[in-house]
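Please work through the exercises below with the sequence and the model at hand, trying each task before reading its solution.

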Amino acid sequence: MESVELSRYLTMLTLSVHVIFATVGVGVPILIAIAHWLGLRNNDEHYILLAKRWARGYVISVAVGVVTGTAIALQLALLWPRFMEFAGQLVALPLFMETFAFFFEAIFLGIYLYTWDRFKNPKHHFYLLIPIVLGSAMSALFITSVNAFMNTPQGFTLVDGQLTNIQPLVAMFTPAMPTKVAHVLTSAYMTSAFILASIAAFHLWKGNRHEYHRKALALTMKVGLIFAIATALVGDLSGKFLAEYQPEKLAAAEWHFETEGEAPLVLYGVLTETNEVKYAIKIPYALSFLVHSNPTGVVTGLNDIPEEYHPPLEIHYFFDIMVTIGVFLPTLALVYWLGLHRNWALIKRRFFRLLLVASGPLAMIAIEAGWWFTEVGRQPWIMRDFMKTAEAATESSHVGIMFIAFAVLYLILMIGTAVVLIRMFKNNPVEKELEKEAIEQRSEAK
């Protein structure tokens, strides 16, 4: 296998691992803040304990995320040296700002963790969450802007193969940035909510009826529903963006070959060697309507795009996975929300709680499929219209050894993280922590 292929697979592996911790790192702080605020407003020990326990788990994910994030930075230089040499000046600003945003978040996270019960006014301790939430969101904004630049590069002039008139701010605020950043933020908040809901549902499914878990499930499913709807709305805008700026990616995702109006939306199916679509569900006019808000709008087909610029047609499957889960999760959350308010017995049934347990892993699968769709769908470009992936890769013969070394590292990190998190919470069950806090409060009252 050539070094460019190995470099692509290693980068895909690293991103697939990092996105798990990055998503949790961006999404969980806002849930900690909501739980903490509800605890203070209602003087509710359960919500306060939710904030405490989620914050402890969050720290572990941040620590591992630093390792995988560092691996990405290292691999950018080792695997894609020509891209960094060509575009390094243009992406240096957001990469530096991302580091600054992370430091901002980490400093206040440390203070927040070690200052429980240290403030006379508990609200002052809550305010420490504001920079943590902002820092995590800004970190996502800056790093996603680099990816947006790779999709719609701008902010420079190319003269005889050399970059001139470099404008880092213009390079950071590209046409792809608004929808990509919004999609990353809303999907991170949604996924984190469903992961935490999944944990609460698991305890209820196992037979633990503690009020703590009921409140955790109700809170996270409501937040999950809100951000699942927001993610779907942003996804619609992303489709419109693709139609205008990356029509080849949209056409490949939809197996849309002929340029035509009244284009149908193609779901699922199988593509033959002669590009014939079989066993698919076709919704008439839907693709034209989704990208143009007009059922007769013309959608560019792959046959009008040079074949050398076609993305791999396999991205259709990634797109289907992402959209299917993206429809299922808000439906599940809506049924739960209605059931909670109308006291439906359905939401207490074991099979329904099993669906709730599955919501977290499904949300993460959707995140992975979304990133594979984004990255594979940009091929053959690493920097659209300016540099192909094959031109940017290293020619080193040691990428295979690197792949094995990083795969072992990620395996150790994943297993180690799971063991630490399980032991951390298993050795300190909710009942034990609530009892301990009640004893401490009685002691202080005396």
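**Exercise 1. Decide whether Asp 44 is buried or exposed, and then find the residue with which Asp 44 forms a salt bridge.**

Step 1. In this predicted model, Asp 44 has a relative accessible area of 13%. Because buried means under 20% relative accessible area, Asp 44 is buried.

Step 2. The salt-bridge partner of Asp 44 is Lys 215, and the closest N and O atoms of the two residues are 2.5 Å apart. Asp 44 lies in the loop between helix H1 (3-42) and helix H2 (45-79), whereas Lys 215 lies in helix H8, so the pair ties together parts that are 171 residues apart in sequence.

Step 3. Lys 215 counts as buried as well, at 15% relative accessibility. This bridge belongs to a structure that holds ten salt bridges.

**Exercise 2. Establish which residue forms a salt bridge with Glu 433, and which residues are linked with Glu 433 in a network of salt bridges.**

Step 1. Arg 56 forms a salt bridge with Glu 433, with the closest N and O atoms at 2.8 Å from each other. This pair links distant parts of the chain, since Arg 56 is in helix H2 and Glu 433 is in helix H15 (residues 430-445), 377 residues apart.

Step 2. The accessibility of each partner can then be read: Arg 56 is partly exposed, with a relative accessible area of 30%, while Glu 433 is buried, with a relative accessible area of 10%.

Step 3. Arg 53 joins Arg 56 and Glu 433 in a network of salt bridges.

**Exercise 3. Find the salt-bridge partner of Glu 308, and state which parts of the chain the pair ties together.**

Step 1. Glu 308 forms a salt bridge with Lys 388, and here the closest N and O atoms are 3.4 Å apart.

Step 2. Glu 308 lies in the loop between H10 and H11, and Lys 388 in strand S8 (residues 387-388), so the pair ties together parts that are 80 residues apart in sequence.

Step 3. Lys 388 is partly exposed, with a relative accessible area of 23%.

**Exercise 4. Determine how many residues of helix H9 are buried, and list the elements against which these residues pack.**

Step 1. Helix H9 spans residues 247-254 and is mostly covered, with eight of its eight residues buried. Among them are the charged residues Glu 248, Lys 249 and Glu 254, and the buried residues also include Pro 247 and Leu 250.

Step 2. The buried residues of H9 pack against several helices, namely H5 (129-151), H8, H10 (286-292), H11 (315-342) and H12 (350-377), and also against strand S3 (265-267).

Step 3. Just after H9, the backbone of Trp 255 takes a positive phi of about 50°.

**Exercise 5. Locate Asp 117, Tyr 285 and the cis peptide bond at Pro 380, and describe the backbone at each place.**

Step 1. A general expectation helps here: most residues other than glycine have a negative phi, and most peptide bonds are trans.

Step 2. Asp 117 has a positive phi, near 65°, and is placed in the loop between helix H3 (81-113) and helix H4 (122-126). At 68% relative accessibility, Asp 117 counts as exposed.

Step 3. Tyr 285 also has a positive phi, near 70°, and is found in the loop between strand S6 (281-283) and H10. Its relative accessibility of 42% makes Tyr 285 partly exposed.

Step 4. The peptide bond joining Gln 379 and Pro 380 is cis, with an omega of about 10°, and Pro 380 is found in the loop between H12 and strand S7 (381-383).

**Exercise 6. Identify the residues that form the positive surface patch and those that form the nonpolar patch.**

Step 1. The positive patch is formed by Lys 206, Arg 209, Arg 214, Lys 348, Arg 350 and Lys 426. Of these, Lys 206 is found in the loop between helix H7 (177-205) and helix H8 (211-245), and counts as exposed at 58% relative accessibility.

Step 2. The nonpolar patch is formed by Phe 104, Tyr 127, Ile 130 and Leu 134, which together have about 380 Å² of accessible area. Leu 134 is found in helix H5, and is partly exposed, with a relative accessible area of 49%.

Definitions and conventions:
Residues numbered from 1 in each chain as written. Predicted model: local features only at pLDDT ≥ 70, side-chain atom pairs only at ≥ 80, totals over all residues. Heavy atoms only, no water. Patch = residues over 30% accessible without salt bridge, like charges linked within 9 Å, V, L, I, M, F, W, Y side chains within 5 Å. Areas by Shrake-Rupley, 256 points an atom, 1.4 Å probe, with all protein chains shown as cover. Salt bridge = Lys/Arg side-chain N within 4 Å of Asp/Glu carboxyl O. Charge placed at Lys NZ, Arg CZ, Asp CG, Glu CD. Helix = DSSP H or I, 4+ residues; strand = E, 2+ residues; numbered from the N terminus. Buried < 20%, exposed > 50% of the residue type's maximum accessible area, 1.4 Å probe, protein only. Contact = heavy atoms within 4.5 Å.
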